[in-house]
Amino acid sequence: MSFRLARILSVALLSVAAASAAQAAPKAKSSKKPAQPAAPTLIWRGDQATARGLVTDVAKAYEKAGKGKIEVQPFNTISGLDAVAKGTADFAGSARGPDGSAESSLVFTPVAWDALVMITYPSNPVNSLTLSQVHDIYYGKITNWKDVGGNDQEIDLYAVASPGDGVEYSLRKLLFGRGNQPVAAPRLYVNTAKLEEAVTLDPKAMGVTTLAGVTGNRKVKTININGTPPSPATVKDGSYPLFIPVYLITSDNSPKAAQLKVFMDFLGTDPAREVTRKHDLVPYDEAPALAELDVSRRAKILAEVGARPMPEEPVVKPTPVAAPGAMYASRVATSPTSELTQQAKQDLQARNDASTEKKVEAAAANGDKVYTVSKGDTLSVIAKKYSVSVADLRSWNSLKNDNVKIGQVLKVGL
């Protein structure tokens, strides 16, 4: 055998031996732990107020802490409650508790304290309203800002269309004793976010939303109630009368009950509490006295505004004609072409006609000449008809501009 061939065979034998040794040696154990299965994504659906004020940012903190993921689907209260009941969402959020209907099968857990706030255009000179004034505005008894210390112009009252909306329901429950009370608000929106947008565009507007919903929003102005400004401090001590609990709603039958408990427990941690306070909410367990104060202040508010207390939510039925403005607004919103809507319209017109007659009688008693505006009238046409100036008509009737409306009673001579 040549030297060259012997060398090649030696190298080959050494390679085979090394490979056999490598196969025989035990494999080194990996230091990595097996991956844990990801926590299931929870789906939250509910009103815009709760989403913006609490859930959206808490969900981010929850995910950052490695607890899992939350898919936030903000829209309105009813959509959230229906989704939880049907199992298409795992939990919901609302600015109201159960209304005594089928919702009683759901679990409402209070997690924070918020406040209902009346908002208006920033330049509106009205800084404060009494509870009675707010009641009368929603009832349709007060319709002009001048009657509450503002400019002589009509109040454009905005509301959320759904009668089950958490914010609207809570306000009406406090002011009228029942959450399904119709109100004199012909301008209706799908949720509080859209309502707030509308208020930023209308100098005559007023509507209700939550303190958490408008925190830092300089495009709207919040109105004090009974002289008290809405703030976390006045909510916590109960001096601001329109405080409300914020609820998360779940179902006992949820297949994700364990993960929902993890989220609920997370709400008590420092990161979640920091988010809560950032949005001007008060963590629920930090104001235990409010729960006890809630019952007594409801009775106090109803007494102050002259409303009859109702121990439980009544079955929905046609609104009495005693509130024609609210009646008509409600009918237009639900069934605009029905006979009941037309009747409500006639009742409202009768009330307006009666009001006009009283104004005419009062003016006649003072020896003033008056005129009731008809279709096609303008201020200049009326001025020419009575041989007076437009400036005189403005002065005598405290008008800010030349706009007049049918049925309006004007002084046309002294």
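Select Arg172 first: in this predicted model Arg172 is buried, with a relative accessible area of 8%. Now add Glu168, which forms a salt bridge with Arg172; the closest N and O atoms are 3.1 Å apart. Both residues belong to helix H5 and are separated by four residues, about one turn of the helix. Is Glu168 buried or exposed? Glu168 is buried, at a relative accessible area of 1%. Since the cut-off for buried is under 20% relative accessible area, Arg172 at 8% falls within the class, and so does Glu168 at 1%.

**Helix H5**

Extend the selection to the whole of H5, residues 166-176. How many of its eleven residues are buried? Ten are, and the helix is mostly covered. Among them are Gly166, Val167, Tyr169, Ser170 and Leu171, and towards the other end Leu174, Leu175 and Phe176.

Look next at the two ends of the helix. At the start of H5, display the side chain of Asp165: one of its oxygens comes to within 3.2 Å of the backbone nitrogen of Val167. At the other end, go to Gly177, just after H5, where phi is positive at about 90°.

**The loop after H5**

Continue along the chain to Val183, in the loop that runs between helix H5 and strand E7 (187-189). Val183 is buried, with a relative accessible area of 5%. For a distance check, pick the C-alpha atoms of Val183 and Glu168: they are 9.9 Å apart in space, while the two residues are 15 apart in sequence.

**Arg297 in helix H11**

Jump to helix H11, residues 288-305, and select Arg297 there. Arg297 is buried, its relative accessible area being 7%. Which residues does Arg297 touch, leaving aside those up to four places away in sequence? The contacts are Leu174, Pro241, Leu242 and Phe243. Leu174 is one of the buried residues of H5 seen earlier.

Zoom in on Phe243. The backbone oxygen of Phe243 lies 2.6 Å from a polar atom of the Arg297 side chain. Arg297 also has an acidic partner: Arg297 and Asp294 form a salt bridge, with 3.0 Å between the closest N and O atoms. This pair sits within H11, three residues apart, about one turn of the helix. Asp294 is buried, as is Arg297.

**The salt-bridge network**

Select Arg273, Arg277, Asp285 and Glu286 together: salt bridges with shared partners join these four into one network. Within the group, show the side chains of Arg273 and Asp285, which meet in a salt bridge at 2.7 Å, N to O. Arg273 lies in helix H10 (residues 270-278) and Asp285 in the loop between strand E11 (282-283) and H11, so the pair ties together parts that are twelve residues apart in sequence. Arg273 counts as buried, at 14% relative accessibility. How many salt bridges does the structure hold? The number is 15.

**Strand E10**

Return to Phe243 and select strand E10, residues 243-250. The strand is mostly covered, eight of its eight residues being buried. In a regular strand the side chains alternate between the two faces of the sheet. Turn on the side chains of E10: Phe243, Pro245, Tyr247 and Ile249 point one way, while Ile244, Val246, Leu248 and Thr250 point the other way.

Now add the strands that pair with E10. Strand E3 (residues 91-94) runs antiparallel to E10 and is joined to it by three bridges; for one of the partners, select Gly93 and Leu248. Strand E4 (residues 107-120) is antiparallel to E10 as well, with eight bridges between them. Here, the E10 bridge partner of Asp114 is Ile244.

**Zooming out**

Finish with the whole chain in view, coloured by secondary structure: 15 helices and 13 strands are present. The chain has 414 residues, and 44% of them count as buried. Of the contacts between residues at least 6 apart in sequence, 72% link residues at least 24 apart. Switching to a surface display shows an accessible surface of about 21900 Å², with 55% of it belonging to carbon and sulfur atoms.

Terms used. Residues numbered from 1 in each chain as written. Predicted model: local features only at pLDDT ≥ 70, side-chain atom pairs only at ≥ 80, totals over all residues. Heavy atoms only, no water. Buried < 20%, exposed > 50% of the residue type's maximum accessible area, 1.4 Å probe, protein only. Pairing = 2+ DSSP bridges. Polar contact = N/O pair within 3.5 Å; in protein donor to acceptor, adjacent residues only side chain to side chain. Contact = heavy atoms within 4.5 Å. Areas by Shrake-Rupley, 256 points an atom, 1.4 Å probe, with all protein chains shown as cover.
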